[in-house]
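Here is a structure to read through in questions and answers. Please look at the sequence and the model first.

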Amino acid sequence: MTVEADVFHSYRSPCSYLAAPRPVALTRARNLAIRLRPVSPVAGRAPGRFARESPSGIPCLLRDVRRAAEYDGLPFGLPRPDPIVQDIETPAIGPEQPSIRRVTRLAVAAGRRKPEAGLRFAEAVSSGLCGGRVENRHEDAQLGPILAHAGLDLAEVDADPGVFDAEVEANRAALDAAGHRSVPRLAFEGEPCFGQDRLDLALRTVRRAGLQPRA
C-alpha cells in the first residue's frame, strides 16, 4: 500500500531548503508518494509582511536557520544574487519577480514529469540557492543540468507560463486550506505539519495509515 501526502515548498525559504532532503529520503525508505507543491515565497504571497516584521525578525530567523543547518550538517548561505527583487533598506518588494516566478514554474513542470523529479528539483535548486556554494543557481547555466535530468524542455515552459502560474496559485490556495500559510508544510488527510523539524514527526501520522518500509 502506498500512502500519499503533499509537501508545500518555496524556493527562497531557508526552512524549505533545510527540509528538502527529508521527502526524498522518506520516499526512498517507505511506500510514501509525496507530491511537491511549489508556492511563491512569502515575498510574493504576502509582500506586506516584511513591512510589519519586527526589525529583529529576520536576524532571529537567520540565526535559527544557521543553527539548524549546522545541526543537520548542511551548509547555509543567502542566495547570490537574491532571486527576489527587494529593496533592502525599506524593504519594499518589487512588482515584477521574473527570476523566482520562473524557478517556481520550472518546479511545477518537474513535478508534472513525475513526482520524483519534482522532489529532486527542489533539493538541487534549494541547495544551490541557500547552500552558500553556488552563485546564480536560478539562471539558465546552473539550471540546465538539473532540468535535463528531470527531462524538462526550458523553451516549452517559457512558451506557456500561464499554465504553470495557474498551478502555483492553486497550490497557494491549497496551502491556505491546509491551515497555515508558512512553508515547508506537509499535509496528509487534512492534518498539516509545519516546519522542517516536523516532517520527521509527521511520519507517525502517515504510519498509522499503513505506511510500510519499501521492500
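Q: In the hairpin of β3 and β4, which residue takes a positive phi near 50°?
A: This is a predicted model, where local features need pLDDT of at least 70, side-chain atom pairs count only at pLDDT 80 or more, and totals for chains, interfaces and linings use all residues. Residues are numbered from 1 along each chain as its sequence is written, and side-chain values use heavy atoms, leaving out hydrogens and water. The hairpin has 2 residues between its strands (strands are DSSP runs of E, at least two residues, and helices runs of H or I, at least four, numbered from the N terminus). The residue with the positive phi is glutamate 189.

Q: In which sense do β3 and β4 pair?
A: Two strands pair if DSSP finds at least two bridges between them. Strand β3 covers residues 185-188 and strand β4 residues 191-194, with 4 bridges. Alanine 187 stands opposite proline 192, and phenylalanine 188 is opposite glutamate 191. The sense of the pairing is antiparallel.

Q: What is the order of the strands in the open sheet?
A: The sheet has 4 strands and its pairing is mixed. β2 (32-38) and β4 are the edge strands, each pairing on one side only. The order is β2-β1-β3-β4.

Q: What angle does the direction of helix α7 make with that of β2?
A: Helix α7 (residues 115-130) packs on the sheet, touching β1 (3-9) and β2 (contact means heavy atoms within 4.5 Å). Axes are lines fitted to C-alpha atoms, for helices over the stretch in contact, and angles run from 0 to 180 degrees between N-to-C directions. The angle is about 55°.

Q: Is asparagine 171 buried or exposed?
A: Asparagine 171 is found in helix α10 (residues 161-177). Its contacts, not counting residues up to four places away in sequence, are Phe8, Arg37, Pro38 and Val39. Because its relative accessible area is 3% (buried means under 20%, exposed over 50%, partly exposed in between, with a 1.4 Å probe and protein chains only), asparagine 171 is buried.

Q: Which helix gives the most to the largest nonpolar core?
A: A nonpolar core is a set of buried Ala, Val, Leu, Ile, Met, Phe, Trp, Tyr and Cys residues joined through side-chain atoms within 4.5 Å. The largest has 47 residues, and those with the most contacts inside it include Tyr11, Phe76 and Leu147. With 7 residues, the helix that gives the most to this core is α6 (residues 98-113).
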